[in-house]
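Hello,

Here is the structure I promised to pass on to you. Please have a look at it first, and then read my notes below.

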Amino acid sequence: MKQRLTDFSKVIVILRGYNYQQVEAVVEVMKNSKINAVEITLNRGDSKTIIKKIVQKYGQEISVGAGTVLNEADLKDVVNIGVDFVLAPNMFSKKMLEFCREHQVISVPGAYSPTEIYQSIKDGADIVKVFPADIVGSKFFKDIRAPFGELPLMAVGGINIQNVREYFLAGAKYVGIASGIFQTEDIVNSNKDSLKNSLKNFEEKIEGA
């Protein structure tokens, strides 16, 4: 589901360490929601297999991304699988950013300081993931707009249903959320009814943000 950046979901659901059945349960619930981007991190030995299956089954309905993409080899693997976006907790090299551009994949490298954010934008990143966002706080997103203006920043780390609006109001354009939407036990048990209720509650919380 190749997307233009302007159409990219403001909220990205992060799934880290779950098996295929658990990931599929969440994605199935997401199909009928306004939150249509899921990041599957490369923290399991079978992560790429899981991503491939999700892309094949849901790739026309959900924007599927790979997270914790730390090197060129993994980047090439997941792009060949067919992901729509890639993320990392650290900066991407210029070569990695160019590879993303060439293959129309949204790049979301990580940054922690104003210098890293500026450099990533200068190098051509589509979005910059500020991580961990709960350490710098929402005020960081407001303050950084003074020298740099509006930036395509994603807040990741410690974002939940209670503080998500705070980050949007401070200037974050996107948020990545792991356990801030769903209960871990509901994902582990593939409890779709509870997952659906949690997603609905979250959507209501951010409506208009």
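Let me start with one residue: Q104 is exposed, at 62% relative accessible area (exposed means over 50%, buried under 20% and partly exposed in between, with a 1.4 Å probe and protein chains only). Q104 sits in the loop between α4 (94–102) and β5 (helices are DSSP runs of H or I with at least four residues, strands are runs of E with at least two, and both are numbered from the N terminus). The phi of Q104 is near 55°, a positive value in a residue other than glycine.

A word on the source: this is a predicted model, in which local features need pLDDT of at least 70 and side-chain atom pairs count only at pLDDT 80 or more, while totals for chains, interfaces and linings use all residues. Residues are numbered from 1 along each chain as its sequence is written, and side-chain values use heavy atoms, with hydrogens and water left out.

S190 also has a positive phi, near 50°, and is a residue other than glycine. S190 lies in the loop between α10 (184–188) and α11 (192–206), and it counts as buried, at 17% relative accessibility.

Now to the sheet. Nine strands form an open sheet with parallel pairing, in the order β5-β4-β3-β2-β1-β9-β8-β7-β6 (two strands pair if DSSP finds at least two bridges between them). At the edges are β5 (106–108) and β6 (110–111), each of which pairs on one side only. Helix α5 (residues 114–123) packs on the sheet, where it touches β6, β7 (128–130) and β8 (153–156), and its direction makes about 165° with that of β7. Contact here means heavy atoms within 4.5 Å, and axes are lines fitted to C-alpha atoms, for helices over the stretch in contact, with angles from 0 to 180 degrees between N-to-C directions.

Strand β3 (residues 63–67) is a good one to look at, as five of its five residues are buried. S63, G65 and G67 point one way from β3, while V64 and A66 point the other way. Five bridges join β3 to strand β2 (residues 37–41), and two bridges join β3 to strand β4 (residues 85–87). A66 is the bridge partner of I40 and also of V86 in β4.

What about the nonpolar interior? The largest nonpolar core has 62 residues, and V11, I51, V86, I117 and F141 have the most contacts inside it. Such a core is a set of buried Ala, Val, Leu, Ile, Met, Phe, Trp, Tyr and Cys residues joined through side-chain atoms within 4.5 Å. Helix α1 gives the most to this core, with six residues. Apart from it lies another core, of 12 residues, including F8, L87, V108 and I127. Among the residues that F141 touches are V130, L153, M154 and Y167.

Helix α1 (residues 20–30) also meets helix α2 (residues 47–58): their axes come within 10 Å and cross at roughly 35°. On the α1 side the contact has Y20, V23, E24, V27 and E28, and on the α2 side I50, K53, I54, K57 and Y58.

One last detail: F131 and P132 are joined by a cis peptide bond, with omega about -5°. P132 is in the loop between β7 and α6 (133–136).

Enjoy exploring it!

Conventions
Lists of a residue's contacts leave out its neighbours within four places in sequence.
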